[in-house]
Amino acid sequence: MLILGIEAAAKVAGAAVYEDGRILASSSANSGLTHSQTLLPMIDRVLKESGRKLDQVDYIALTNGPGSFTGLRIGAATAKGLGLGAGIRIIPVCTLESLAYNSAWKEGVIRVATMDARRHQVYCAAYDQDGTVIEPDTIPPLELAEKLKQTQGPLLFMGDASDLYHDLFASELGSRYHLAPAHLKDLSAASLCSLAAEKVAKDPSCAVETDQLTINYLRKPQAVREREARLAKEQADREDAQKAGEKS
């Protein structure tokens, strides 16, 4: 099984080639350049380094959210373009599950995947060796800490929100809180490929045609939220004005 992994959900862009239990080539960039600048060259490079061609790829693995709205759209457009042109199905993988997969499963340890969602919120989920402990969600970091207090065992944090809210998590969770080392902290196309391979081996139907690929943002885009808030305020102002008119 040959899988091309595409990672574009956060600041780190990546690509990897996986074949039958081995990572043949991988590349990542956290240079500040846009994913539209780095992603296709990385894909081309890992295919060349692995000695494989796109028409040999069985599946494309892609993190399909949550994450950066722009990054997710770039990743999806890239995967769809490559998949459609070569007739390759796509294996969509939850970004948070892929992040947690960076670390090998160990009994008793809960892996906590966190990503900055802006506006003092985090995308988050938690997993143990048996599966999902906390479902993917968008919540304030303190609420995440409160949920984790209801669990038992060491907590291994990964993702950029772990750095951003390090003091809060350390204070709330005490000795249970552990921060993953740098090489495990960010999203990895290699981890994505390995997880996607497991998923498709268990359930081939998890791979979708390009036109069936969807993005799970976990929340509405900021522009939509701002518009809804503005409309709600305008509606409230109209109702207040109507009530004032009725009183007079």
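Helices here are DSSP runs of H or I with at least four residues, numbered from the N terminus, and by that count Leu 96 is found in helix H3, residues 95-100. The model you have open is a predicted one, and the tour returns to Leu 96 at its end.

**The whole chain**

Begin with the complete protein in cartoon view, where there are 9 helices and 10 strands. If you colour by accessibility, buried residues make up 45% of the 248 residues. Among the contacts with a separation of 6 or more, 63% are between residues 24 or more positions apart.

**The five-stranded sheet**

Next, select strands S6 to S10, which form an open sheet of 5 strands in the order S8-S7-S6-S9-S10, with mixed pairing. At its edges lie strand S8 (131-139) and strand S10 (177-179), each of which pairs on one side only. On average, and with direction ignored, neighbouring strands of this sheet are turned by 20° against each other.

Zoom in on S9, residues 155-158, which is joined to S10 by 3 bridges, the two strands running parallel. With strand S6 (residues 110-116), S9 also pairs in the parallel sense, here over 4 bridges. Show Leu 156 as sticks: towards S6, Leu 156 is the bridge partner of Arg 111, while in S10 the residue standing opposite Leu 156 is His 178. A further pair to display is Phe 157 with its bridge partner in S10, Leu 179.

In a regular strand the side chains alternate between the two faces of the sheet. Turn S9 so that both of its faces can be inspected in turn: Leu 155 and Phe 157 are on one side, Leu 156 and Met 158 are on the other, and all of them are buried, so that both faces of the strand are covered. Now add helix H6, residues 166-173, which lies across S9 and S10 and runs at about 150° to S10.

**The H1-H2 pair**

Hide the sheet and select helix H1 (residues 35-50) together with helix H2 (residues 69-86), whose axes come within 10 Å and cross at roughly 35°. The crossing in which H1 passes H2 is right-handed. To see where they meet, display His 35, Ser 36, Leu 39, Leu 40 and Ile 43 from H1, and Gly 71, Ile 74, Gly 75, Thr 78 and Leu 82 from H2. Sorted by class, this contact has 5 nonpolar, 5 polar and no charged residues.

**Thr 63**

Move to Thr 63, placed in strand S4, residues 59-63. Is Thr 63 buried or exposed? With a relative accessible area of 2%, Thr 63 falls under the 20% cut-off and is therefore buried. Its side chain makes a polar contact, at 3.0 Å, with the side chain of Glu 7. Leaving aside neighbours within four places in sequence, the residues in contact with Thr 63 include Ile 6, Ala 8, Leu 72, Val 93, Thr 95 and Leu 192.

**Leu 96**

Finish at Leu 96 in helix H3, which is buried, with a relative accessible area of 0%. Which residues does Leu 96 touch, not counting those up to four places away in sequence? They are Pro 66, Ala 113, Thr 114, Met 115, Tyr 123, Cys 124, Ala 125, Tyr 127 and Pro 136. For a last distance to draw, take Leu 96 and Ala 125, which are 29 residues apart in sequence and 6.3 Å apart in space, C-alpha to C-alpha.

Technical notes: Residues are numbered from 1 along each chain as its sequence is written. This is a predicted model: local features need pLDDT of at least 70, side-chain atom pairs count only at pLDDT 80 or more; totals for chains, interfaces and linings use all residues. Side-chain values use heavy atoms; hydrogens and water are left out. Buried means under 20% relative accessible area, exposed over 50%, partly exposed in between (1.4 Å probe, protein chains only). A polar contact is a pair of N or O atoms within 3.5 Å; within protein, one must be able to donate a hydrogen and the other to accept it, and residues adjacent in sequence count only if both atoms are side-chain atoms. Contact means heavy atoms within 4.5 Å. Two strands pair if DSSP finds at least two bridges between them. Axes are lines fitted to C-alpha atoms, for helices over the stretch in contact, and angles run from 0 to 180 degrees between N-to-C directions. A crossing is left-handed if the near helix is turned anticlockwise from the far one by less than a right angle, and right-handed if clockwise. Ala, Val, Leu, Ile, Met, Phe, Trp, Tyr, Cys and Pro count as nonpolar, Asp, Glu, Lys and Arg as charged, and the others, Gly among them, as polar.
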